[in-house]
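This report is meant to be read beside the sequence and the coordinates. It takes up a metal site, two pockets and one charged residue in turn.

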Amino acid sequence: MTVRPILSIGHPTLRVVADDVPVDAIASGDVQQLIDDLIETMRHANGAGLAATQIDHRVRIVVMEVGDNPRYPYKPPIPLTVAINPVIEPLNDELVEINEGCLSVPLRGNVHRNVNIRVRYLDRDGVEHDEIKRGLTAGTWQHECDHLDGVLFVDRVSDPSTLATWAEFETYYRDEFVARITKFVERVGS
Ligand code: ZN
């Protein structure tokens with residue numbers, strides 16, 4: 001496992017539509033090594049997720065994991081998840097406004113995400129999954145899968161006045177956001 005450099009906004013690879021991983025390539029050494037590096041890099045950066053495009057690989061693989069994360073202490077836990085060729089389908093129109101950050105962007109900002117989604121993907125063993133995700137966990141899935149289409153959360157910020165550095169977020173917005181989102185998590189359960 002190797003910690004890889006994470007690309008920053010402005011790098012062209014963050015704007016490409018990544019390619020599907022051929023199913024018969026999932027077991028290959030190259031793909032398994034890439035998955036290991038994604039996990040190691042995500043953990044090293046205290047990220048909640050990381051997409052292959054963020055380490056300059058144009059393939060549809062994302063990893064997610066939330067434990068006791070100092071970057072996102074209000075996020076419900078997500079077990080280590082490797083999603084290959086993920087497809088997201090919103091289940092209804094319910095939205096929640098989430099203050100998001102990204103390892104490729106030095107800002108946070110408010111984005112509307114679907115609360116209830118269906119996700120279909122392959123894991124690193126090539127096993128098919130078909131699951132329902134809700135709440136902040138659904139938001140994390142949408143953020144990570146956006147990366148595979150060259151979309152960054154800043155593209156979805158409807159009110160640019162919500163953009164803030166992490167330091168200014170901590171000072172001026174954090175308490176209000178955490179209070180609101182904690183109530184939301186208690187209601188939605190994830
Ligand atoms: Zn991101």
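The paragraphs below describe a predicted model, beginning with its metal site.

**The zinc site**

Three protein side chains donate to the zinc ion, namely Cys-102 through SG, His-143 through NE2 and His-147 through NE2, and these donors lie 2.1 to 2.3 Å from the metal. Along the chain the donors of the zinc ion follow the spacing C-x40-H-x3-H. Distant parts of the chain are linked in this way, since Cys-102 belongs to strand β4 (residues 95–102) whereas His-143 belongs to helix α2 (residues 135–147), the two being 41 residues apart. Cys-102 and His-143 are both buried.

**The two pockets**

The largest pocket holds about 250 Å³ of space. It is lined by 14 residues, of which Ile-88, Gln-142, Cys-145, Asp-146 and Arg-156 are the closest to its centre. Two or more lining residues come from each of β3 (78–90), β5 (105–114) and α2, and the largest share, four residues, is that of β3.

The second largest pocket holds about 160 Å³, and its lining consists of Asn-99, Asn-110, Thr-162, Phe-169, Tyr-173, Glu-176, Phe-177 and Arg-180. Here the largest share, five residues, is given by helix α3 (residues 166–188).

The table sets out the volume and the make-up of the lining for each pocket.

| Pocket | Volume | Nonpolar lining residues | Polar lining residues | Charged lining residues |
|---|---|---|---|---|
| Largest pocket | about 250 Å³ | six residues | three residues | five residues |
| Second largest pocket | about 160 Å³ | three residues | three residues | two residues |

**Arg-108 and its surroundings**

Arg-108 is found in strand β5, an element that also gives two or more residues to the lining of the largest pocket. Is this arginine, Arg-108, buried or exposed? Arg-108 counts as buried because its relative accessible area is 0%, and the cut-off for that term is under 20%. The side chain of Arg-108 makes a polar contact of 2.6 Å with the side chain of Asn-99, and Asn-99 is itself one of the residues that line the second largest pocket. As for a separation along the fold, the C-alpha atoms of Arg-108 and Asp-19 are 28 Å apart, with the two residues 89 residues apart along the chain.

Definitions and conventions:
Residues are numbered from 1 along each chain as its sequence is written. This is a predicted model: local features need pLDDT of at least 70, side-chain atom pairs count only at pLDDT 80 or more; totals for chains, interfaces and linings use all residues. Side-chain values use heavy atoms; hydrogens and water are left out. Donors are N, O and S atoms within 2.8 Å of the metal (3.2 Å for Na, K and Ca); water is not among the atoms, so sites may look incomplete. Buried means under 20% relative accessible area, exposed over 50%, partly exposed in between (1.4 Å probe, protein chains only). On a 1 Å grid over the protein atoms alone, a cavity is a set of points where a 1.4 Å probe fits but cannot get out, and a pocket is an open set with protein on both sides within 12 Å along at least five of seven lines; lining residues have an atom within 4 Å of a point. Grid points are joined across faces, edges and corners, and a volume is the space filled by probe spheres set on the points. Ala, Val, Leu, Ile, Met, Phe, Trp, Tyr, Cys and Pro count as nonpolar, Asp, Glu, Lys and Arg as charged, and the others, Gly among them, as polar. A polar contact is a pair of N or O atoms within 3.5 Å; within protein, one must be able to donate a hydrogen and the other to accept it, and residues adjacent in sequence count only if both atoms are side-chain atoms.
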